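Visitor: I would like to understand the words people use when they describe a model such as this one. Could you take me through them slowly, setting each value against its definition?

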Amino acid sequence: MLVSLMKKSLARLDLNLLVTLQLLLQEQSVTKTAKKLNVSPSTVSKSLSKLRDWFDDPLLVNTPQGLTPTNLAASVQEHLAAWIEIVNQNISRKGDEAAK
């Protein structure tokens, strides 16, 4: 499944949505994610809808325990966290260089 996703164009995906996805996977709650992002739950729901369309997967499903990741979302979660960490490190490094 991940291989078929790699064939999709990242140009069609707002990369900010990946930050929302990471938080949704961590929090397993639209409301908690919205609070952390300082946006409305409606905004997070719309972002999740866009992500579902792009991944062609529900990603998170409602259960009595809250939102539960699908198999695809669980497999993406580890790689997503690593990718976001790399991006943050590069941004920090660029900021440190600009301060010199």
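Guide: Helices and strands are DSSP runs, numbered from the N terminus, and a helix needs at least four residues while a strand needs at least two. With that in hand, and remembering that this is a predicted model, we can place Ser29 in the loop between α2 and α3. Counted in this way, the chain has 5 helices and 2 strands, and they follow one another along the sequence in the pattern α-α-α-α-β-β-α.

Visitor: Why is Ser29 called buried?

Guide: A residue is buried when its relative accessible area is under 20%. Ser29 has a relative accessibility of 17%, and therefore counts as buried. Apart from its neighbours within four places in sequence, Ser29 is in contact with Leu24 and Leu67.

Visitor: What makes Ser29 a cap for α3?

Guide: A side-chain oxygen of Ser29 lies 3.3 Å from the backbone nitrogen of Thr31, and in this way Ser29 caps the N-terminal end of α3. A polar contact is a pair of N or O atoms within 3.5 Å, and the 3.3 Å between Ser29 and Thr31 fits that limit. A polar atom of the Ser29 side chain also lies 3.1 Å from the backbone nitrogen of Lys32.

Visitor: How do you know that the buried residues of α3 are on the same side of the helix?

Guide: The buried residues of α3, which spans residues 30-37, are Val30, Thr33 and Ala34. They cover an arc of only 100° around the axis, and this puts them on the same side of α3. An α-helix has 3.6 residues a turn, so residues three or four places apart point the same way. The face of α3 turned away from that buried side carries the exposed residues Lys35 and Lys36. As for what covers the buried residues of α3, this includes α2 (16-27), α4 (41-55) and β2 (66-69).

Visitor: Why are α2 and α3 called oblique to each other?

Guide: Two packed helices are described by the angle between their axes and the distance between the axes. For α2 and α3 the angle is about 130°, and the axes are 9 Å apart. Angles from 65 to 115 degrees count as roughly perpendicular and those over 145 as roughly antiparallel; an angle of about 130° falls under neither heading, and α2 and α3 are therefore oblique. Their crossing is right-handed. On the α2 side, Val19, Thr20, Leu23, Leu24 and Glu27 meet Val30, Lys32, Thr33, Lys36 and Leu37 in α3.

Visitor: What makes α2 and α4 roughly perpendicular, then?

Guide: These two helices pack at an angle of about 105°, with their axes 10 Å apart. Since 65 to 115 degrees counts as roughly perpendicular, α2 and α4 are therefore given that description. Where they meet, Leu17, Leu18, Thr20, Leu21 and Leu24 belong to α2, while Val44, Ser47, Leu48, Lys50, Leu51 and Phe55 belong to α4.

Visitor: Is Gln22 buried or exposed, and how do you know?

Guide: Gln22 is found in helix α2. Its relative accessible area is 16%, and because buried means under 20%, Gln22 is buried. Setting aside the neighbours within four places in sequence, Gln22 is in contact with Leu80, Ala81 and Ile84.

Visitor: Why does Ser9 count as partly exposed?

Guide: Ser9 has its place in the loop between α1 (2-6) and α2. Exposed means over 50% and buried under 20%, with partly exposed in between, so at 35% relative accessibility Ser9 counts as partly exposed. The C-alpha atoms of Ser9 and Trp54 are separated by 9.5 Å, although these residues are 45 residues apart along the chain.

Visitor: What is there to notice about the phi of Asn38?

Guide: Most residues other than glycine have a negative phi. Asn38, which follows α3, has a phi near 60°, a positive value in a residue other than glycine. Asn38 lies in the loop between α3 and α4, and with a relative accessible area of 71% it is exposed, because exposed means over 50%.

Visitor: Which phi does Asp56 have, and why does Asp56 count as exposed?

Guide: The phi of Asp56 is positive, about 55°, although Asp56 is not a glycine. Asp56 lies in the loop between α4 and β1 (60-63). The relative accessibility of Asp56 is 61%, which is over 50%, and Asp56 therefore counts as exposed.

Conventions
Residues numbered from 1 in each chain as written. Predicted model: local features only at pLDDT ≥ 70, side-chain atom pairs only at ≥ 80, totals over all residues. Heavy atoms only, no water. Buried < 20%, exposed > 50% of the residue type's maximum accessible area, 1.4 Å probe, protein only. Arc of directions from axis to C-beta. Contact = heavy atoms within 4.5 Å. Polar contact = N/O pair within 3.5 Å; in protein donor to acceptor, adjacent residues only side chain to side chain. Axes fitted to C-alpha atoms, helices over the stretch in contact; angles between N-to-C directions. Parallel < 35°, antiparallel > 145°, perpendicular 65-115°, else oblique. Left-handed = near helix turned anticlockwise from the far one by under 90°.
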